Amino acid sequence: MKSSNLRRWSFIHTWTSLVCTLFLLLLALTGLPLIFHHEIDALLGDAPSFPTLAAGTPHLDLQQLVHAAQIHRPNDVVQYFGWDADEPNGVMTIMAATAGTEPNSSHTFMLDARTGQALEMPSANGGFMMLMLRLHVDMYAGLPGKLLLAFMGILFVLAIISGTVLYAPFMRRQPFATVRRHKSRRLRWLDLHNLIGVVTLTWALVVGVTGVVNACADLLIAAWRTDALNVLLEPYRDAPPLTERAPATRLLEIAESVAPGMAPDFIAFPGTRFSSEHHYAVFLKGATHLTSHLLTPVLIDASTLKITATLKRPWYMDVMGLSTPLHFGDYGGRPMQILWAVLDGLTVVVLASGVYLWWVRRRQ
Amino acid sequence: MSQKKSLLWLTFRMPLAIGIMTAIGLFSALLGDGRWDAMAWTGLAIPAVICVQALLRR
């Protein structure tokens, strides 16, 4: 590489890294407990504990569950019901003062689908894990916070690319994985920075890019609403506001009748940002491992219970669906979580050694 | 192959191989459990072990 080129790449690497380092450190450190949030919840007693009932105890129907939720929080309305394969007897319930209330002001708890008993999930509404999550997702600054972190993610990706370009001129004279331990502290950390950086590159790129996608989720959902929903909702534009809502009882059967073999992921009640003022939206997920991350929404008229449409997924909603597991590392069991934590720690080493190398060089 | 090219290949062949193994690992656990998970653990363990070893060696 010509020396003018080298200087240019060096400049790009130094400044893209330095600008994003503090934010990346915050993300890496808050991300660490989040990898183990299920385990930490269980340890702190924050996970809902279901009473033992006879196996095969039948589930209440959805309208009965809506009723149970309403009794539990009489001043709120149900926004979402969600299902999780790990809790076959639970229905995650999200309620708020109005259907359109923004997610951070909602209240999340679990309903026992067999009895309608409400089981609190403290960590979903506040406390240490919520603090970690909010710092990780938007630094308590809403959409601007998310977009700032998305921008830092883009800088991180640029830092990785420029770092890879610089790897060649720095490392080509030595066999792979050589670390010059005894010459000077700076050389040792330069070699470690290069080695760990290049070896963890694929993981860091994937987690970085999927993090940017997740941070832009609000914008993607808004785009999807304009793209797909607005056309379908055209006939409802002048419809009077919904006063009487048909019961939720059969929503899942109705949705699954047009998408056989799919399983429910969540239901958005009328008026939320995943539905419309006049519709229940049932989001179904695929039955295979891969397609279980891809959602198909079925819009059901909330007064007639007729299906208005089964929405095609635009490509960016699929990208968003796959970005979640690839960012969280929660799709391959405990060993994967542990490896995710190790790789996260190694990223901290690369970030910190990068700052150290810049500092030492500057003082010379 | 020119000398310049072969030097680039020598420098990047190991990082490239590790990168491909990581990518296979990241993707395989999306496809299934059991064997697919084991493949993911192998793919992700390669970079993790190489780095931790380099850090700990004195």
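Helices, in the sense used here, are DSSP runs of H or I at least four residues long, and strands are runs of E of at least two, both numbered from the N terminus. With that in hand, A:Met139 can be placed in the loop between helix 4 and helix 5 (142-171) of chain A. The model is a predicted one, and its backbone does something a little unusual to look at here: phi of A:Met139 is near 50°, a positive value in a residue other than glycine. With 17 other C-beta atoms within 10 Å, A:Met139 is partly exposed, because a residue counts as buried only from 20 such neighbours and as exposed at 12 or fewer. A:Leu305 tells a similar story. Its phi is near 60°, again positive in a residue that is not glycine, and A:Leu305 sits in the loop between strand 7 (295-301) and strand 8 (307-310) of chain A. A:Leu305 is partly exposed too, with 16 other C-beta atoms within 10 Å.

Stepping back to chain A as a whole, its secondary structure adds up to 11 helices and 8 strands. Taken along the principal axes, the C-alpha atoms of chain A fill a box of roughly 75 × 50 × 35 Å. Of the 364 residues in chain A, 30% are buried. Counting contacts in chain A between residues at least 6 apart in sequence, 64% link residues at least 24 apart.

Helix 1 (residues 3-35) of chain A packs against two partners described here, helix 11 and helix 4. The axes of helix 1 and helix 11 (residues 333-363) of chain A come within 9 Å and cross at roughly 150°. Helix 1 and helix 11 of chain A are therefore roughly antiparallel to each other, and their crossing is left-handed. Among the residues making this contact are A:Thr14, A:Leu18, A:Leu25 and A:Ala28 from helix 1 of chain A, along with A:Trp340, A:Asp344, A:Val348 and A:Trp358 from helix 11 of chain A. Sorted by character, the residues of the contact between helix 1 and helix 11 of chain A come out as 12 nonpolar, 7 polar and 1 charged.

The other partner is helix 4 (residues 127-137) of chain A, whose axis comes within 9 Å of that of helix 1 of chain A, at a crossing angle of roughly 145°. Helix 1 of chain A passes helix 4 of chain A in a left-handed crossing. Helix 1 of chain A brings A:Leu26, A:Leu27, A:Thr30, A:Gly31, A:Pro33 and A:Leu34 to this contact, and helix 4 of chain A answers with A:Met129, A:Met132, A:Leu133, A:Leu135 and A:His136. The split for helix 1 with helix 4 of chain A is 8 nonpolar, 3 polar and no charged.

Helix 6 (residues 185-199) of chain A offers a quick check on geometry: at 1.5 Å a residue, its 15 residues should span 21 Å, and its end C-alpha atoms are 21 Å apart, which agrees. Buried residues in helix 6 of chain A include A:Leu190, A:Asp191, A:His193, A:Ile196 and A:Val199.

Finally, there is the meeting of the two chains. The contact takes 30 residues from chain A and 26 residues from chain B. On the chain B side, the elements giving two or more residues are helix 1 (3-31) and helix 2 (35-56) of chain B. Helix 1 of chain B gives the most, with 13 residues. The residues on the side of chain B that touches chain A divide into 21 nonpolar, 4 polar and 1 charged.

Terms used. Residues numbered from 1 in each chain as written. Chains lettered and ligands numbered in written order. Predicted model: local features only at pLDDT ≥ 70, side-chain atom pairs only at ≥ 80, totals over all residues. Contact = placed C-beta atoms within 7 Å. Nonpolar A, V, L, I, M, F, W, Y, C, P; charged D, E, K, R; others polar. Axes fitted to C-alpha atoms, helices over the stretch in contact; angles between N-to-C directions. Parallel < 35°, antiparallel > 145°, perpendicular 65-115°, else oblique. Left-handed = near helix turned anticlockwise from the far one by under 90°. Expected span 1.5 Å × (residues − 1).
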